[in-house]
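Hi,

Here is the structure I promised to pass on to you. Have a look at it first, and then read my notes underneath.

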Amino acid sequence: MEHISKQYDARGKASGPLALDDVSLTVADGEIFGIIGHSGAGKSTLLRSINLLERPTSGTVTVDGVELTKLTQGGLQQQRRKIGMIFQHFNLLSSATVFDNIAFPLQLAHTTKEKVQAKVDDLIRLVGLEEHRDKYPAQLSGGQKQRVGIARALANDPKVLLCDEATSALDPQTTNAILDLLLDINRKFGITIVLITHEMHVIQAICDRVAVIHAGAIAEQGKVIDVFLKPEHPVTREFILEERNDAELQPWAAFKTQATEHSRVVKINYLGDVTYAPVLHQVLTAAGVGFAILQGTISRMKDVPYGQLVVRLDGEKTAVEQSLLSLRDKGLEVEVIA
Ligand SMILES: Nc1ncnc2c1ncn2[C@@H]1O[C@H](COP(=O)(O)OP(=O)(O)OP(=O)(O)O)[C@@H](O)[C@H]1O
């Protein structure tokens with residue numbers, strides 16, 4: 001997407017503030033890209049601009065090498081088959097069964113009856129709804145409805161799947177199951193996924209890269225791990241703090257008072273396999289430095305483990321300095337707080 005701006009019409013005229021203001025964004029083939037932002041930031045407008053459900057006021061959208069913004073309606077319809085979409089409230093046909101909901105886009109594309117049958121059966125198996133194929137949406141749970149939505153979105157073998165707050169109406173357990181399914185689909189079929197959410201844990205669970213959107217513009221973007229560990233924009237920091245959701249975690253600066261003449265307080269970031277290695281113990285024992293862990297979290301971002309600890313190092317000044325160098329040598333990121 002290049003230089004996308006959007007101003008909504010009021011009574012047939014473009015007026016009011018820009019919902020999107022000169023946004024440029026590139027999503028790589030095969031990645032899971034998350035867009036996070038507060039309500040009204042412009043997430044839906046941005047997502048719906050990708051398949052031109054919402055036509056930008058200016059700018060260009062190119063998907064899989066084809067510039068959608070210059071296609072005729074017929075050409076656009078053709079290209080849209082490459083782009084599946086799922087929704088927060090599922091948007092299923094209430095009078096159609098699971099099977100018929102999934103078959104619908106295939107019938108629109110004039111697929112033969114035999115092919116529809118085989119394809120829908122495959123999709124039903126893929127999303128794990130074998131026992132529910134003849135039920136109506138009203139007879140399904142939220143998670144099952146979203147599985148129907150996902151199967152329907154995959155019917156035409158799209159290259160891209162757009163997810164509009166796909167888990168926001170689901171409880172945490174069902175959310176995780178749907179996120180696992182999306183990850184599975186991405187890995188099995190190489191489908192590029194673009195999702196919008198207001199929850200950092202959704203980004204953390206399955207996304208490779210993230211863009212933070214604020215007031216119609218991209219506040220920051222990058223690999224999830226980089227943005228999460230070193231957020232630059234205040235809005236990003238807010239999302240991360242909300243996600244940590246542990247009020248007992250104190251800001252790093254609160255530990256400054258723990259430092260004495262014979263100790264330093266440091267913040268240590270672990271990333272990747274080193275997170276689970278006994279590096280701290282080995283290095284500090286070898287240096288003859290004692291330590292106390294003052295605060296810490298160990299978690300995972302998609303499949304990358306990471307940790308953040310605040311540690312007080314006690315010992316001779318030169319030994320402590322040496323141990324800091326050794327920790328950095330082992331691949332840990334060490335920042336001296338006090
Ligand atoms: N159809 C519309 N007509 C006029 N203004 C609109 C329309 N849709 C969205 N807007 C405005 O555009 C801005 C961005 O809205 P958008 O729905 O893209 O944000 P969002 O980040 O998806 O919010 P939410 O999480 O609440 O859905 C908002 O100020 C909104 O009021």
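Below is what I found, going from the ligand to the sheets, the helices and the cores.

One thing to keep in mind: this is a predicted model.

Let's start with the ligand. Around it you'll find Y8, A19, H198 and a run of neighbours made up of G37, S39, G40, A41, G42, K43, S44 and T45. Sorted by class, that shell comes to seven polar, three nonpolar and one charged residues.

Next, the six-stranded sheet. It is an open one with mixed pairing, and its strands come in the order β9-β10-β11-β5-β12-β13. Its edges are β9 (83-87) and β13 (217-223); each has a single partner strand, so one side of each has no neighbour in the sheet. On average, neighbouring strands here are turned by 15 degrees against each other, ignoring direction. Further in, β5 (residues 32-36) and β11 (residues 192-197) run parallel and are joined by five bridges. If you want a pair to click on, I35 has I196 in β11 as its bridge partner.

Two helices lie across strands of this sheet. Helix α1 (residues 43-50) lies across β5, β9, β10 (160-164), β11 and β12 (209-214), at about 160 degrees to β11. K43, S44 and T45, which we met around the ligand, fall within the residue range of α1. Helix α5 (residues 142-154) lies across β9 and β10, and runs at about 165 degrees to β9.

There is another open sheet, with four strands in the order β15-β16-β14-β17 and antiparallel pairing. Here the edge strands are β15 (290-301) and β17 (333-336), each pairing on one side only. The twist from one strand to the next averages 15 degrees. Inside this sheet, β14 (residues 263-271) and β16 (residues 304-314) pair antiparallel over nine bridges, and I268 sits opposite L309 in β16.

Last, the nonpolar cores. Which members of the largest one touch the most other members? They are I102 and L162, out of 67 residues in that core. Leaving aside residues up to four places away in sequence, I102 touches V120, L123, I124, V148, A151, R152 and A155. A second core, separate from that one, has 17 residues, among them V265, I268, Y270 and L280. So I268 turns up twice: in this second core and opposite L309 in the β14-β16 pairing.

Cheers

Notes. Residues are numbered from 1 along each chain as its sequence is written. This is a predicted model: local features need pLDDT of at least 70, side-chain atom pairs count only at pLDDT 80 or more; totals for chains, interfaces and linings use all residues. A residue is near a molecule or strand if its C-beta atom, placed from the backbone, lies within 6 Å of it. Ala, Val, Leu, Ile, Met, Phe, Trp, Tyr, Cys and Pro count as nonpolar, Asp, Glu, Lys and Arg as charged, and the others, Gly among them, as polar. Two strands pair if DSSP finds at least two bridges between them. Axes are lines fitted to C-alpha atoms, for helices over the stretch in contact, and angles run from 0 to 180 degrees between N-to-C directions. A nonpolar core is a set of buried Ala, Val, Leu, Ile, Met, Phe, Trp, Tyr and Cys residues joined through C-beta atoms within 7 Å. A residue is buried if 20 or more other C-beta atoms lie within 10 Å of its own, exposed if 12 or fewer, and partly exposed in between; C-beta atoms are placed from the backbone. Two residues are in contact if their C-beta atoms, placed from the backbone, lie within 7 Å.
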